[in-house]
Amino acid sequence: MTKRVAILISGGGSNMVSLVEDMAGDHPARPVIVLSNRADAGGLEKAKARGIPTAVVDHRPFGSDRPAFEAALNHVLDQARPDIICLAGFMRVLTEGFVTRWQGKMLNIHPSLLPKYKGLHTHQRAIEAGDTEAGCSVHEVTAELDGGQVLGQVRVPIDPDDTADSLAAKVLVQEHMLYPLILRRFASGDRSRIDLP
Ligand code: GRF
């Protein structure tokens, strides 16, 4: 049975594009909706250009009422009936209630070697710490921010002249490889961890 995948974005959606373009042929999943909290997210046009239904639930009218915003998300998601949700550059913190509703069905990609550098500005923090490597992680989403089981990681060397921007660009290339690889495995029922290279 082909798994239905919802992808949540807030920005350019490069990871969403990688996921969508990989879900073809014998892939066990297909995208059914791209949902953003921002109407100006560049990824929405990319999804439309690929024939993927899109929706926007702007978080701003809900203010600090996260449960109300998430209820509006769930209203859209319940209509899309996803088997899997992929957070892909989705920049809203989700409450335990939402995560519990989708427990075991939701993935996220984070631009660090978790459990190091949860949260934001991961590359700058790795450089300032004098790390020799950075990378990205795909993990199951739990109530703890960036805290769920890691299903895949890719390590990327930090060069002495790297800036946060140059490192982010190197890591993003690897994100576009890792996330589709993990989604294929996850959609086929394989939750074993893979570490690259
Ligand atoms: C990526 O670095 C991803 O790791 C983070 O958001 C950034 C932008 O992703 N979660 P995208 O280009 O919008 O997919």
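User: Across which strands does helix 6 lie, and at about what angle does it run to strand 7?

Analyst: The model is predicted: local features need pLDDT of at least 70, side-chain atom pairs count only at pLDDT 80 or more, and totals for chains, interfaces and linings use all residues. Residues are numbered from 1 along each chain as its sequence is written, and side-chain values use heavy atoms, leaving out hydrogens and water. Helices (H or I, at least four residues) and strands (E, at least two) are DSSP runs numbered from the N terminus. Axes are lines fitted to C-alpha atoms, for helices over the stretch in contact, with angles from 0 to 180 degrees between N-to-C directions. Helix 6 (residues 164–187) lies across strand 1, strand 2, strand 4 (84–87), strand 5 (106–110), strand 6 (133–140), strand 7 (150–157) and strand 8. Its direction is at about 155° to that of strand 7.

User: In what order do the strands of the open sheet stand?

Analyst: Two strands pair if DSSP finds at least two bridges between them. Here the open sheet has 8 strands in the order 3-2-1-4-5-6-7-8, and the pairing is mixed. Strand 3 (54–56) and strand 8 (194–196) are the edge strands, each pairing on one side only. On average, neighbouring strands are turned by 20° against each other, direction ignored.

User: How many bridges join strand 2 to strand 3, and do they run parallel or antiparallel?

Analyst: Strand 2 (residues 29–36) and strand 3 run parallel and are joined by 3 bridges. Within this pair, V34 stands opposite T54 of strand 3. Helix 2 (residues 42–49) packs on the sheet and touches strand 1 (3–9), strand 2 and strand 3; contact means heavy atoms within 4.5 Å. The direction of helix 2 makes about 155° with that of strand 3.

User: Why is strand 7 described as largely enclosed?

Analyst: A residue is buried under 20% relative accessible area, exposed over 50%, and partly exposed in between (1.4 Å probe, protein chains only). In strand 7, 6 of the 8 residues are buried, so the rest of the structure largely encloses this strand. On the side of strand 6, 7 bridges join the two strands, which run antiparallel, and E133 stands opposite P157 of strand 7. With strand 8, strand 7 pairs in the parallel sense over 3 bridges, and V154 stands opposite L196.

User: What is the handedness of the crossover from strand 7 to strand 8?

Analyst: With the strands pointing away from the viewer, a crossover is right-handed if the path from the first strand over the helix to the second runs clockwise. The chain goes from strand 7 through helix 6 to strand 8, and this β-α-β crossover is left-handed.

User: What volume has the largest pocket, and which residues are closest to its centre?

Analyst: On a 1 Å grid over the protein atoms alone, a cavity is a set of points where a 1.4 Å probe fits but cannot get out; a pocket is an open set with protein on both sides within 12 Å along at least five of seven lines, and lining residues have an atom within 4 Å of a point. The largest pocket has a volume of about 920 Å³. It is lined by 36 residues, and those closest to its centre are F90, M91, H110, P111 and L120. Helix 6 gives the most to this lining, with 5 residues.

User: Is H139 buried or exposed, and which residues does it touch?

Analyst: H139 lies in strand 6 and counts as buried because its relative accessibility is 2%. Not counting residues up to four places away in sequence, H139 touches several residues, among them M106, H110, D146 and L151. One of these contacts, D146, lies in the loop between strand 6 and strand 7. D146 is itself buried, with a relative accessible area of 10%, and has a positive phi near 55° although it is not a glycine.

User: Where is H121, and what is its phi?

Analyst: H121 lies in the loop between strand 5 and helix 5. Its phi is positive, about 50°, in a residue that is not a glycine. At 62% relative accessibility, H121 counts as exposed.

User: Which residues does a cis peptide bond join?

Analyst: One cis bond joins L114 and P115, with omega about 10°; P115 is in the loop between strand 5 and helix 5. Another joins L196 and P197, with omega about 0°, and P197 is found in the segment after strand 8.

How values were computed: Points joined across faces, edges and corners; volume = space filled by probe spheres on them.
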